[in-house]
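User: I'm new to this structure and would like to walk through it bit by bit. Can we go at an easy pace?

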Amino acid sequence: MIDFCSLNYQQVQRLFADLGQPKFRVDQFLAWVYAKGCLDMDAYTNVSKELRSLLRETIHFPRYTIESVQHSRVDNTRKILLRFPDGHAVETVLIPVHSKLSQCLSTQVGCKMGCTFCATASMGFKRNLSVSEILAQAFAAREIIEPHERVGNFVFMGMGEPLDNYENSIAAIKTIIHPQMMGYSHRHVTLSTCGILKGIRRLSREELPCNLAISLHAVNDEQRSFLMPVNRADGLHALMQTLREFPLSSKKVITIEYLLIRDFNDSTDDAKKLLQLLRGLRCKVNLIVYNPHDYADYHAPDEKRVLQFQRILAEKGVMTFIRKSGGSDIDAACGQLAGKSS
Ligand code: SF4
């Protein structure tokens, strides 16, 4: 059986050609799967019964069960726990942003990057998600949202490091932005990485216009290597150089994620050093106030310090936002995903 949602557009075309189907059937079928998000072939009224039964013998759709859905009382963020047939589970989070939802997708079960502030790191690494398992999270979201709701953005920022599961993460993004598949604009898809240089360089050679976000979180090698072991491999200087060389289309900027941790990286001196680091880089900065959890012993700075940090950057013309991290009461905020029942 072919795992249908792991196929790209050309592979779907080939499959339908092999089954003796005319080309127009491809887009007809894909519209049911991706535009309507319907995985029940019985509902495909404009697809002949013969073709449906042929496809039932040939392909399968993503296999998952929704084990739990937690609702934040604070901001209606929802966290879905999905379990796959092999017993592994991942979490995906839906965060209300204006009138739409932003969905945070996981790319791995666990993670091997070992960031010391992150709950996912405490699970260790279990395995990569397939393309269809990454997309399964989007199907699961459609099952649980209200009829008037819509996911408007996808951020690859959930459990796992997307560039450590490079092929599958990139293939999932291509399905999300393909006009005959999920049809989202590239402006609404963001890949977030802890800074794997090889992966960023490889990404720079793809013709993939999605947004890029970097979890920077520190202003010198000592600080960053302590928080993020990935930094020990190449260091901050090489990372910033790679980002400066990253080809950006005219309207795009790189998003710098900076987690503010009390008395660690939140001083005025840190803010000034961050300004120096960002020199020559087209970027905006998202300041994320640390979300406490059971897996690490860090603390959040108070609001005054956060605003002061923002002011120092903004005064020098750096677009700086304080990003609200949704769902901290259900452990759904940045750095809190731990797939607790996996
Ligand atoms: S922050 Fe991201 S890269 Fe780092 S351990 Fe957590 S999931 Fe992995």
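User: Which domains is the protein divided into?
Analyst: We're looking at a predicted model, where local features need pLDDT of at least 70, side-chain atom pairs count only at pLDDT 80 or more, and totals for chains, interfaces and linings use all residues. Residues are numbered from 1 along each chain as its sequence is written, and side-chain values use heavy atoms, with hydrogens and water left out. With bounds that come from an automatic or database domain assignment, the split is into domain 1 (2–60) and domain 2 (65–330).

User: How many residues of domain 1 are in contact with domain 2?
Analyst: The C-alpha centres of the two domains lie 33 Å apart. Contact here means heavy atoms within 4.5 Å. On the domain 2 side eleven residues take part, and on the domain 1 side the number is 14.

User: Why does the largest nonpolar core lie between the domains?
Analyst: A nonpolar core is a set of buried Ala, Val, Leu, Ile, Met, Phe, Trp, Tyr and Cys residues joined through side-chain atoms within 4.5 Å. Buried means under 20% relative accessible area, exposed over 50%, and partly exposed in between (1.4 Å probe, protein chains only). The largest such core has 111 residues, and Phe4, Phe29, Ile176, Leu243 and Ile256 have the most contacts inside it. It lies between the domains because residues come to it from both domain 1 (2–60) and domain 2 (65–330).

User: And which residues does leucine 243 touch?
Analyst: Leu243 is among the core residues with the most contacts inside the core. Setting aside residues up to four places away in sequence, its partners are Ile200, Leu212, Ile214, Ile254, Ile256 and Leu281.

User: What is the C-alpha separation between isoleucine 254 and cysteine 283?
Analyst: Isoleucine 254 sits in strand 12 (residues 254–260); strands (E, at least two residues) and helices (H or I, at least four) are DSSP runs numbered from the N terminus. With a relative accessible area of 0%, isoleucine 254 is buried. Cys283 is also one of the residues that isoleucine 254 touches. Although 29 residues apart along the chain, the two have C-alpha atoms separated by 4.5 Å.

User: Which side chain makes a polar contact with the side chain of glutamate 257?
Analyst: Glutamate 257 is in strand 12 too, and its 3% relative accessibility makes it buried. A polar contact is a pair of N or O atoms within 3.5 Å; within protein, one must be able to donate a hydrogen and the other to accept it, and residues adjacent in sequence count only if both atoms are side-chain atoms. At 2.8 Å, the partner is arginine 323.

User: Is histidine 217 buried or exposed?
Analyst: Histidine 217 is in the loop between strand 11 (211–215) and helix 7 (221–227). Its phi is positive, near 65 degrees, in a residue other than glycine. Its relative accessible area is 4%, so it counts as buried.

User: How many charged residues does the shell around the ligand have?
Analyst: The residues around the ligand (a heavy atom within 4 Å of it) are Cys111, Met113, Gly114, Cys115, Phe117, Cys118, Thr120, Ala121, Gly160 and Cys194. Ala, Val, Leu, Ile, Met, Phe, Trp, Tyr, Cys and Pro count as nonpolar, Asp, Glu, Lys and Arg as charged, and the others, Gly among them, as polar. That gives seven nonpolar and three polar residues, and the charged count is none.
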